Amino acid sequence: MVSAVMNGGGGHVGALRSFLKKVVQFVIVLATTLLGLVAVTFFIGRVVPIDPVIAIVGDRAPAHVYERTRQELGLDRPLIEQFVIYVKKAATGDFGNSVLTTNPVMTDIINVFPATLELATLGTIIGVIVGIPLGVLAAVKRGSLLDQFVRVLGLVGYSVPIFWLGLMGLLLFYAKLGWVAGPGRIDVTYSYLYTPVTGIVLLDTAMQGQWDAFWDAVSHVLLPACLLGYFSLAYISRMTRSFMLNELAQEYVIAARVKGLSEMRVIWRHALRNAAVPLITVIALSYANLLEGSVLTETVFAWPGLGQYITNSLQNADMNAVLGGTLVIGTVFVLLNLVSDLLYRLLDPRTR
Amino acid sequence: MKRLPKFLLSAAMVATMATSFSAVMAATPPDTLVQAWQSDDIISLDPAEVFEMNASEIIGNTYERLITYDIKDVSKISGQVAESWTVSPDGKTYTFKIKPNRKFASGNPITAEDVVYSLQRAVALDKSPAFILGQFGLTKDNMKDKIKQTGPLELTFEVDKPYAPTLVLYCLGNSVASIVDKKLLTQNEKDGDWGYNWLKTKYAGSGPYIMRDWKANEVLVLERNPNYEQKTPLARVIYRHIKETASQRLLLEKGDVDVARSLNPEEIAAVSKNPDITVQSAPKGTVYYLGLNQKNPNLAKPEVRQALKYLVDYQAIADTIMKSKGEVHQNFLPKGFLGAESNNPYKLDVAKAKELLAKAGLKDGFSVTMDTRSTAEITGVAQAMQATFAQAGIKLEILPMDSKQALTKYRARQHDIYIGNWGSDYQDPNSNADTFAANDDNSDNAKAKPLAWRNAWDPGPLTAKTRAAVMERDAEKRAQMYKELQKAVLDDGPFVIFLQQTEVAAVRKNVQNFVLGPSFSDNDVSQAKKN
């Protein structure tokens with residue numbers, strides 16, 4: 001009895017140690033990834049033949065105004081010196097000011113990120129709720145009409161440009177049928193009825209009991225979220241299908257069937273449970289993709305999120321904003337990878 | 001029975017959703033004008049810094065200046081904050097009397113002190129548009145002597161040379177010369193910054209509307225100024241940043257916005273068929289042109305410059321790609337400016353072009369590149385020119401690039417051909433003459449870099465003529481001088497000017513008095529109302 005507990009405890013210590021090791025590893029990976037990202041984006045940003053000074057002073061500025069601004073930005077110093085200054089500042093969270101909004105880049109990102117988070121999270125939830133059952137059913141009924149359907153759905157989701165689909169969606173559901181609201185995050189009429197707290201409009205309006213504004217926000221988010229959800233489910237269902245096919249061919253599934261377990265139990269409790277482990281990585285990746293890849297969706301739907309922020313910054317040579325935005329996305333990617341890794345370990349003891 | 005409450009609850013939810021969704025579909029509020037536009041060029045709302053189209057429009061509707069002009073006939077200059085003015089016999093000192101009993105939106109009275117402060121502030125901050133005042137010899141060091149308060153409602157403005165008075169007045173009507181609330185700005189000043197860091201995103205004016213809220217790339221809200229002498233019909237004007245033009249069209253047709261500002265030619269054609277929508281347009285002081293870099297030995301030949309002017313299908317471009325966005329115009333002064341020429345002598349004439357090329361020793365044509373901004377319109381125009389150039393054996397390679405990248409290259413004189421547009425900085429002909437027809441120093445590190453410089457063109461005697469025209473006080477003689485300058489540039493200059501821009505707005509029928517003016521700061525929403 002005593003030794004069993006001791007053993008069990010030893011096991012926990014082992015798991016904890018492995019967990020801590022993972023965290024340390026993660027911090028190293030995060031730091032090197034970010035440094036790499038900073039270096040690459042910084043030098044690309046300085047090498048591209050775009051003059052950031054023009055972005056600030058405009059095309060007409062007289063020579064002395066131009067030169068003064070160039071000096072203010074430190075662009076007259078050697079490249080390496082500029083880089084060192086930049087890294088030092090970035091390490092403290094200071095990415096400089098955005099040319100376009102004049103705010104510190106960090107403040108801007110904190111302002112726009114919730115919009116992207118809201119959209120990507122809803123998209124992923126839709127992707128998971130619809131995509132996993134579809135994938136499972138497609139695997140179970142392999143070769144059936146349903147299977148074909150899921151595969152075509154996935155193919156379309158992968159090959160049709162999101163931009164086009166977004167416009168078509170707007171045309172049908174907003175312009176023709178009038179089921180949802182148009183581009184934007186909330187109607188101007190409602191936008192002054194609540195105070196932004198979390199930056200997530202659905203949460204803010206609900207918490208403040210502004211239900212008209214809340215439903216307006218729902219109506220705005222529905223279409224872009226479904227669109228992103230579709231892209232996410234196209235990927236998730238395809239991967240679920242292939243993982244499930246793999247599991248269904250395993251011996252333990254045959255054994256379970258032989259034992260006389262019901263088909264439902266075999267599929268949903270046994271096979272899916274095992275398939276769920278690699279699926280976590282798939283979901284995390286898909287989530288990360290939506291967080292950074294919703295650029296076009298945000299443009300079509302006039303969604304003031306990170307994607308739109310970075311596109312605008314790129315077009316206006318607002319390099320501080322581009323660098324800051326890229327770093328945030330990089331961090332999110334590394335973080336989500338870590339989370340999926342940790343969950344992987346938690347769910348699949350063999351990987352500990 | 002137990003199930004009933006749940007059922008009722010979900011029924012109620014569905015009902016709420018249905019009603020609120022339909023509320024969303026309803027038109028914009030009756031006291032609010034909602035516009036969709038592309039506003040990502042706004043970087044500041046301080047009138048001393050604003051120099052971009054969209055922000056100028058906001059300044060135009062929220063601030064006042066000493067001088068204004070009739071947007072239907074810009075030659076009619078009148079006072080806005082100024083009640084009257086006189087010019088000294090030597091033409092160097094302007095004395096302005098301010099209208100009494102006027103107030104800023106803050107409630108502070110408008111005095112000569114505010115005007116002096118505003119003009120000095122613009123000179124001292126020395127941002128991009130400051131040269132509009134600086135060209136009169138004003139500097140940080142001498143501004144206290146040159147711009148002086150001479151009474152509670154009187155001030156003098158002294159220039160260094162006896163310029164044509166209209167030039168001075170037009171410049172004082174420019175957004176850089178907007179009157180700001182000294183008291184309010186002094187309260188928000190930090191480290192002697194003239195309140196610059198505060199005003200970039202805030203408001204201190206006296207115009208018909210107050211700038212109430214600006215979220216970059218999202219929304220800009222104007223609200224009625226209760227202290228303005230004439231109450232605006234609408235309580236609010238909202239500018240929504242909608243980048244996608246197709247989305248703008250959808251919003252307009254659904255009635256979720258009242259005005260769409262950035263539609264492309266096909267979209268304009270489509271919405272003009274909608275009985276609920278009217279399309280408004282106004283010629284703008286912006287011309288589209290090709291800049292031919294004279295550092296390229298082929299382009300430096302006068303016959304080649306001429307030949308290229310015969311290789312553009314002006315009318316076809318205006319009728320198709322730029323339909324409703326521009327009209328054929330070949331002179332550097334836009335229509336509506338003093339002395340502007342409206343003759344368009346060049347037409348697509350391949351035979352003539354070939355003849356000219358043969359004279360230049362380029363019988364078989366040559367290869368050349370064109371830097372183009374990657375917008376649908378500019379790319380379309382460039383492709384049309386590629387096709388017509390090819391007819392005379394000129395192989396045009398289009399280099400599509402980001403607009404800032406194209407500008408960077410252009411300003412460094414590294415292009416062959418640059419396709420772009422140029423908007424006048426103020427309503428006086430000197431604005432364009434100074435950039436197209438004058439170049440004081442054509443060396444690589446010149447101080448001033450007008451368009452003539454960017455294309456490495458030395459206009460010879462035209463520079464002196466431009467300088468002389470700006471001093472001519474007789475309007476008729478002055479107009480004649482600009483006509484001569486235009487002809488010289490049209491014949492021999494390194495510019496193929498092909499269009500004058502038309503600004504278009506698609507407006508819902510229930511909106512009235514929405515006005516597009518000759519310059520972007522003249523786009524006026526102060527009298528707009530809705531039925």
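A contact means that heavy atoms lie within 4.5 Å. The exercises below use a predicted model.

**Exercise 1. List the residues that B:Lys97 touches, leaving out those up to four places away in sequence, and describe its setting.**

Step 1. Locate the residue. B:Lys97 belongs to strand β5 of chain B, which covers residues 93-98.

Step 2. Apply the contact rule. With residues up to four places away in sequence set aside, B:Lys97 touches B:Val81, B:Ala82, B:Glu83, B:Ser84, B:Leu153 and B:Glu154.

Step 3. Check a backbone distance. B:Trp85 is 12 residues from B:Lys97 along the chain, and their C-alpha atoms are separated by 6.1 Å.

Step 4. Classify the exposure. Partly exposed covers the range between under 20% and over 50% relative accessible area. B:Lys97 has 40% relative accessibility, so it counts as partly exposed.

**Exercise 2. Describe the salt bridge between B:Asp258 and B:Lys530, and decide whether each partner is buried or exposed.**

Step 1. Start from the principle. Side chains of opposite charge can pair when their charged atoms come close.

Step 2. Test the distance. A salt bridge needs nitrogen and oxygen within 4 Å. For B:Asp258 and B:Lys530 the N to O distance is 3.0 Å.

Step 3. Place the partners. The pair links distant parts of the chain, 272 residues apart. B:Asp258 sits in the loop between α9 (245-254) and β11 (259-260) of chain B, and B:Lys530 in strand β19 (residues 529-530) of chain B.

Step 4. Apply the burial cut-off, which is under 20% relative accessible area. B:Asp258 has 2%, so it is buried. B:Lys530 has 15% relative accessibility and therefore counts as buried.

**Exercise 3. Work out which parts of chain B are tied together by B:Asp276 and B:Arg508.**

Step 1. Establish the pairing. B:Asp276 and B:Arg508 form a salt bridge, with their closest N and O atoms 3.9 Å apart.

Step 2. Place both residues. B:Asp276 is in the loop between α10 (265-271) and β12 (277-292) of chain B, while B:Arg508 is in strand β17 (residues 495-508) of chain B; the pair therefore ties together parts 232 residues apart in sequence.

Step 3. Classify each side. B:Asp276 is partly exposed at 39% relative accessible area, whereas B:Arg508 counts as buried at 15% relative accessibility.

**Exercise 4. Classify the partners B:Asp364 and B:Lys363, then name the members of a salt-bridge network.**

Step 1. The side chains of B:Asp364 and B:Lys363 meet in a salt bridge of 3.8 Å, N to O.

Step 2. Exposed means over 50% relative accessible area. B:Asp364 has 65%, so it is exposed. B:Lys363 has 64% relative accessibility and likewise counts as exposed.

Step 3. Elsewhere, B:Glu57, B:Arg261, B:Lys284 and B:Glu503 are joined into one network by salt bridges that share partners. Over all chains, the salt bridges come to 34.

**Exercise 5. Summarise chain A and describe a nonpolar patch on its surface.**

Step 1. Count the elements. Chain A has 14 helices and zero strands.

Step 2. Consider the extent. Along the principal axes, its C-alpha atoms fill a box of roughly 85 × 60 × 40 Å. Of the 352 residues in chain A, 48% are buried.

Step 3. Consider the surface. The accessible surface of chain A is about 17,100 Å², and 69% of this belongs to carbon and sulfur atoms.

Step 4. Name the patch. A:Leu16, A:Phe19, A:Leu20, A:Val23 and A:Val27 together have about 430 Å² of accessible area. A:Val27 is found in helix α1 (residues 2-47) of chain A and is partly exposed, with a relative accessible area of 47%.

Key
Residues numbered from 1 in each chain as written. Chains lettered and ligands numbered in written order. Predicted model: local features only at pLDDT ≥ 70, side-chain atom pairs only at ≥ 80, totals over all residues. Heavy atoms only, no water. Helix = DSSP H or I, 4+ residues; strand = E, 2+ residues; numbered from the N terminus. Buried < 20%, exposed > 50% of the residue type's maximum accessible area, 1.4 Å probe, protein only. Areas by Shrake-Rupley, 256 points an atom, 1.4 Å probe, with all protein chains shown as cover. Patch = residues over 30% accessible without salt bridge, like charges linked within 9 Å, V, L, I, M, F, W, Y side chains within 5 Å.
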